[in-house]
Amino acid sequence: MSKYISLLLLPLVLVVGVSSARAAESANALALWAFDDGRGSETVSDRSGHGLTGRIVNRHGGCAWGWDDFEGAFLLFGGREGDRVVVPHDAQLNLDAPFSIRVAFSCDLERIGKSNFAALLSKGEDYKASYSVLINRTGDVLVYLKGLTDMRGNRNRAYNLFRSAGIESGRDTVLIVNWDGAQLAIEVNGKKRGSLQRGGRLLPSEEPLYLGGIAHYPFAGTLKSVRIARLTSSKGLPANATDDNILRRQKTILNPSAIIFRDFHALTPPILADRSGINHWYVSSSLFGAGFSSGPERLHKGPATEDLPMLTCRPKLPSGTYNLYVGMLPRVHMDNGIRLRTDTMENWVDIRLPPGMHPVLTENVLWATGIKMDEDSRLLVRGIPDRFTILQYFAFVPTRLEKKRAVDPARVVASTIPGPRDTVARRLTEGYLVERRHVEKASAPEGEQRGFTVFSPHWMELVFPDTQPKSDSGSCELRTVGARGETMLLALAVRPHEPLADFTIAPSGQWMRAKSAAPFPGTLSLCEVRSLAKRYGAYRGPGEFMRVPLYLEPARKRDLPANETVEYFIRITVAPDAPPGEYRTKLLLKRPGSGDVSVPVIVRVRPFALAPLRDVSLGFFTQLLPNPADPAPVRTMESYGLNAVAPFVFYRSGIQVTGPWDHPQVAFDQSSYRRAFRQFAEAGMDGPFFVHVAGFDFCNRLLPDEERYAVAYRAIASQIVREAESCGVLSSRLIFEVYDEVLSHPAALPKILRDLRILKAMGLHTSTTHLWRKTNKGKHQPMVDKIFPLLDSLVLRYSAKPIWYVDDWATILSEAKKLGKTVYHYNYTSGLAFPELESVRFTTGWFHRSLGADCAGSLLWNYDVPRLDPRDDLDGMNTDWIGVYPPAGADQGGPSLLLEAMGQGITDLRYAITLEDAIEKSRGKPEKAAAIQEAEELLHKLRNSLDMKLLREQCVYLESSWDRAWTDDEGVRFAAGRLTLPNGWIFEDYDTARESIARCLQALSQAL
């Protein structure tokens, strides 16, 4: 592909070219439809001058005018039966003499329906009425000519199938059908593809001529021109009589002197080709969501990614001053945009196309004027968060060749992100991001014979390279206790006093029980804690970061530097049928040339199992993206105790909707819906499945006809319910969420209201995020008043002070209960992916026995959707919340500490539920009255020991804070001690609560 195309067209040449073409056409053409009438027109003009005007019948909303500066004008067909162009009958259209039919088109062969054929044109609703041209799924051409015979007079030769036509799906194609009275021949893109001897006389018909589909044979693709002409010579027509480019150039929106850059493969870093997705730049010839593939390659970006790697191109322009343009295609009903600047501009420029613009008409936007550029100048490209991008080209016009122009302030705005802060290095040197360092003042004796110190911090204590034990006894012992089926966490830290080469740590593999060898009824896994650069204290814009331990990888042999602490996590899971008692093993710390150092591990198994979650649903928002580190994410979630899931599958649903608007058919093969439903059922989850249904593009194209929209929407939603049940998910588990963070997208309120009315009329359970009955955004209150009664569930974030809502948290829970609304808690902090382990443990555990006692559960964003590099928050605006880290380079990937903390919080809650269940089962038994009273007093004591007043005073959400945080005289920022949640408990109190509950359970079971 050429990097740039220079359009240097002289007006005189253009006029002469048009005149000669029109003259040649008028001599032969019976009809010529160039499909260049454009936006707003309901007719298709006949350019031959014979007045054979066509009318667009847009029964299902599948026809749309299109324009591309490189493809020219076209009419898009969506493959829906009944959408076509109708040309009323005229005697001129009965071809009673040799003729030529020429069609310029592209067709999506994969969307040809069960009938196996798509009609390009037909004289009559039945393709056998007179003459017709159709194509099939394999690219063959059917020419039906009623009345023609072979040379022997056989009248069964009307049906003519050319199996070697070679038409390709999505490719621009020119098909010519010639009949000279004796021979029928076809050409495809200038090459003869077959001929047959045919004589006779074509029978007439008084039916209309249909272009782009007939009954049972709808057409999906584009028509660019159709010409029917008299054939006066077996050599066909003059080439200039069929030059579509002449017609195209009459309507180009580009300056003829523009230098065009559109080789997106030349952008750096390299981008994906032919792969769609929200978390990628990619190049494809498909118009994203338009239902066909055609024409030149375009640069794409989906909507949900916060930021993608900056792209760079060097257009190598002659030195001078230029006006800069960008050609974009809008994505219907979606916000579209791109962020641009040159390497000499101080600020980024945002080009924003509002929703509702025509989906296949190029928008040529002037975004900068009078910019000096030369051969070495670079153009820098970024996406805009939550906006689609379909980029056609960059155009550069010398300023001296254009009249003075001004940019459109409605579309072009200065970005709030300063240009010099693009790179991590610049962000750091200019103070855009500042590091806060952890410092540990404690010291321990050094010079141990073994060359390193071993100690065991609490697993919720973040261990940094400077972390040291308060004292060094020279030995370490790991102890834990758990119920049958429980997973326990232990932490072990190693601090070398000298470099250690080829250091390894591994379990011995031998277990002892009651002084006799016995296999441990469970599993023990060992991981190393890895540190990442994560934002701290600011979700967006300038702020600070820390290099903090955050995710786990399988432990492996490696070199340890001197005086830097390394932490290892030990994850022990007890089998559900494990005999109670004490089990012992060892961890072996090895380095070449010296003896092993052993660390004892003692596990005590309690004589009971924990009750399952009851009346509380805990889960993740997720997109279930392919992740080699986690091939079955829902099963992983279930293994950590989660029982609910909220997949954002509508962005990447993978479903295909075909058929007429009143009977759409949904194909779920290979779709994210089917994958999510099946994983949910296979994992045995018993909580809700949130179905996000914000992206039914098939329905959106039917607007503004709301009746048709409702019919199609109901049909698709019904099929989603049936698909869920066929995969083993009960419809009673489904909660349909129509939009996320509603009041952050007020333009969507009419759509939300429309969709909720449909879902409620179907009897489905409805939900949405961040919407309460009283909003502090007063101008939206009337819409909220209409929407709120249609909601069954509310997903709201806890906050100590009103945020989006007028009411406080306690009032919301109280009123929701009275109104019969179910409330789910959403996220625990401001959205930072910082390892606030106590906050997460509290959110999924004791929160539901204190602040969230009336909540149905908690959902966290998100499990598996990184913004940019999930290991580094210095490259974008927002943070990367991710539950399981994907492999990267030498890293194998693994679970985050946040996921581990969620699992432990769920275990805390199950301890409380187990005791509550035991109390209820024991009621009415006099011999257990004392034990019941003790157990109730314990639960009361534990709840009241949580200081919610202190938490509300010191938190906005449920964020943790350091024991100490300060800035020294040189401006260096430090943190020290633990990162704790101010709720009245310390780390060890959570474990003490479990031990106290276990004693009460034992007392209840032993009470006479």
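Is F520 buried or exposed? At 9% relative accessibility, F520 counts as buried (under 20% relative accessible area is buried, over 50% exposed, in between partly exposed; 1.4 Å probe, protein chains only).

A word on the source. This is a predicted model, where local features need pLDDT of at least 70, side-chain atom pairs count only at pLDDT 80 or more, and totals for chains, interfaces and linings use all residues. Residues are numbered from 1 along each chain as its sequence is written, and side-chain values use heavy atoms, with hydrogens and water left out.

Now the aromatic pairs. The whole structure has 31 of them (rings of Phe, Tyr and Trp, the last by its six-membered ring, with centres within 6.5 Å). Take F520 and Y583. Their ring centres are 5.4 Å apart and their planes stand at 80°, so this pair is edge-to-face (planes over 60 degrees apart; under 30 is stacked, the rest tilted). F520 sits in the loop between β40 and β41, and Y583 in strand β45 (strands are DSSP runs of E, at least two residues, numbered from the N terminus). The pair therefore ties together parts 63 residues apart in sequence. Y583 is buried too, with a relative accessible area of 1%.

Next, Y536 and W962. Centres 6.5 Å apart, planes at 65°, so edge-to-face. Y536 lies in strand β41 and W962 in strand β59, so this pair ties together parts 426 residues apart in sequence. Y536 counts as buried at 14% relative accessibility. W962 counts as buried at 8%.

Last, a cluster. Ring pairs link F668, Y673, F677, F680 and F689.

How values were computed:
Helix = DSSP H or I, 4+ residues; strand = E, 2+ residues; numbered from the N terminus.
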